[in-house]
Amino acid sequence: MKIIETRAAPNPRRVRIFLAEKGITVAFEEVDLMSGILKQPAFGAKNPMQRVPVLMLDDGTAIAETVAICRYFEETQPEPALFGTGAKGRATVEMWNRRIEFGLLQAAAHALRHLNPKMAHLEVPQVPAWGEANKPKAIAMLGILDAQLKSNRFMAGDGYSIADITAMVAVDFLKPARITRPEALVHLERWYGEVSARPSAQA
């Protein structure tokens with residue numbers, strides 16, 4: 001079993017943090033996504049979406065998509081539960097994780113991929129106006145998260161979950177995307193300080 005990744009990319013980092021929280025050790029194979037290797041047929045046979053990470057199981061099965069990989073490990077080692085517990089808890093984690101994926105992480109990714117000239121060969125066509133349009137979307141989502149954290153220790157309630165992993169990685173990804181985090185979001189700052197101090201954040 002191994003995970004194919006580009007260490008500097010945000011989605012592989014989400015998986016590494018998830019595994020660190022679980023205490024699971026997996027071999028990693030590094031590929032340089034900037035080199036164009038993800039567009040080659042050999043990689044496309046593993047993941048036709050041409051993205052990392054990809055979990056390669058010992059029987060040859062390739063599992064792509066960050067949350068799908070994390071769910072695999074949640075099933076194989078349920079504790080600590082990072083997708084919530086019980087019907088309500090799991091649904092709440094899923095809700096916030098998807099909101100953060102689409103509202104923050106994806107917005108930051110669009111800003112980076114459509115505005116950074118170095119990404120032009122990966123994002124065809126680059127649409128600078130779309131990159132700029134996503135910056136206020138990300139800022140607006142930060143405000144929603146700040147409001148959620150006013151009465152919750154973590155993104156989906158009292159327990160640390162994959163939603164916190166996604167959010168922390170997304171907040172860190174704002175810097176390369178050149179999106180400035182508003183200083184007034186005191187609840188977000190409190191949360192960010194706590195989750196960033198967890199040992200898994202360095203995975």
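Helices (H or I, at least four residues) and strands (E, at least two) are taken here as DSSP runs, numbered from the N terminus. The model is predicted, and local features need pLDDT of at least 70, side-chain atom pairs count only at pLDDT 80 or more, while totals for chains, interfaces and linings use all residues. Residues are numbered from 1 along each chain as its sequence is written, and side-chain values use heavy atoms, with hydrogens and water left out.

**Exercise 1. Describe the largest pocket, giving its volume, its lining and the helices that supply that lining.**

Step 1. On a 1 Å grid over the protein atoms alone, a pocket is an open set of points with protein on both sides within 12 Å along at least five of seven lines, where a 1.4 Å probe fits, and lining residues have an atom within 4 Å of a point. Grid points are joined across faces, edges and corners, and a volume is the space filled by probe spheres set on the points; the largest pocket has a volume of about 1,200 Å³.

Step 2. The lining of the largest pocket consists of 43 residues, and Pro10, Asn11, Arg51, Ala109 and Arg113 are those that lie nearest its centre.

Step 3. At least two lining residues are supplied by each of α1, α3, α4 (86-115) and α6, and α4 gives the largest share, eight residues.

**Exercise 2. Work out the strand order of the sheet and place helices α1 and α3 against the strands.**

Step 1. Two strands pair if DSSP finds at least two bridges between them. The open sheet has four strands, in the order β2-β1-β3-β4, with mixed pairing. Its edge strands, each pairing on one side only, are β2 (27-30) and β4 (62-64).

Step 2. Strand β1 (residues 2-5) runs parallel to β2 and is joined to β2 by four bridges; in one bridge, Ile4 has Glu29 of β2 as its partner.

Step 3. Axes are lines fitted to C-alpha atoms, for helices over the stretch in contact (heavy atoms within 4.5 Å), and angles run from 0 to 180 degrees between N-to-C directions. Helix α1 (residues 10-22) lies across β1 and β2 at about 150 degrees to β1, whereas helix α3 (residues 66-76) lies across β1, β3 (54-56) and β4 at about 120 degrees to β4.

**Exercise 3. Examine the salt bridges Glu74 to Lys22, Glu132 to Lys135 and Arg153 to Glu194, stating for each where its residues lie and whether they are buried or partly exposed.**

Step 1. Side chains of opposite charge can pair when their charged atoms come close. A salt bridge is counted when a side-chain nitrogen of Lys or Arg is within 4 Å of a carboxyl oxygen of Asp or Glu, and the count by this rule is 12. Buried means under 20% relative accessible area, exposed over 50%, and partly exposed in between (1.4 Å probe, protein chains only).

Step 2. Glu74 and Lys22 meet at 2.6 Å, N to O, and this pair links helix α3 to helix α1 across 52 residues of the chain. Glu74 is buried, because its relative accessible area is 10%, and Lys22 is likewise buried at 5%.

Step 3. Glu132 and Lys135 meet at 3.8 Å, N to O, both within helix α5 (residues 128-149) and three residues apart, about one turn of the helix. Glu132 is partly exposed at 42% relative accessibility, as is Lys135 at 21%.

Step 4. Arg153 and Glu194 meet at 2.5 Å, N to O. Arg153 lies in the loop between α5 and α6 (162-173) and Glu194 in helix α7 (residues 186-196), so the pair ties together parts 41 residues apart in sequence. Arg153 is partly exposed at 45%, and Glu194 is partly exposed at 25%; a network of salt bridges links these two residues with Arg190.
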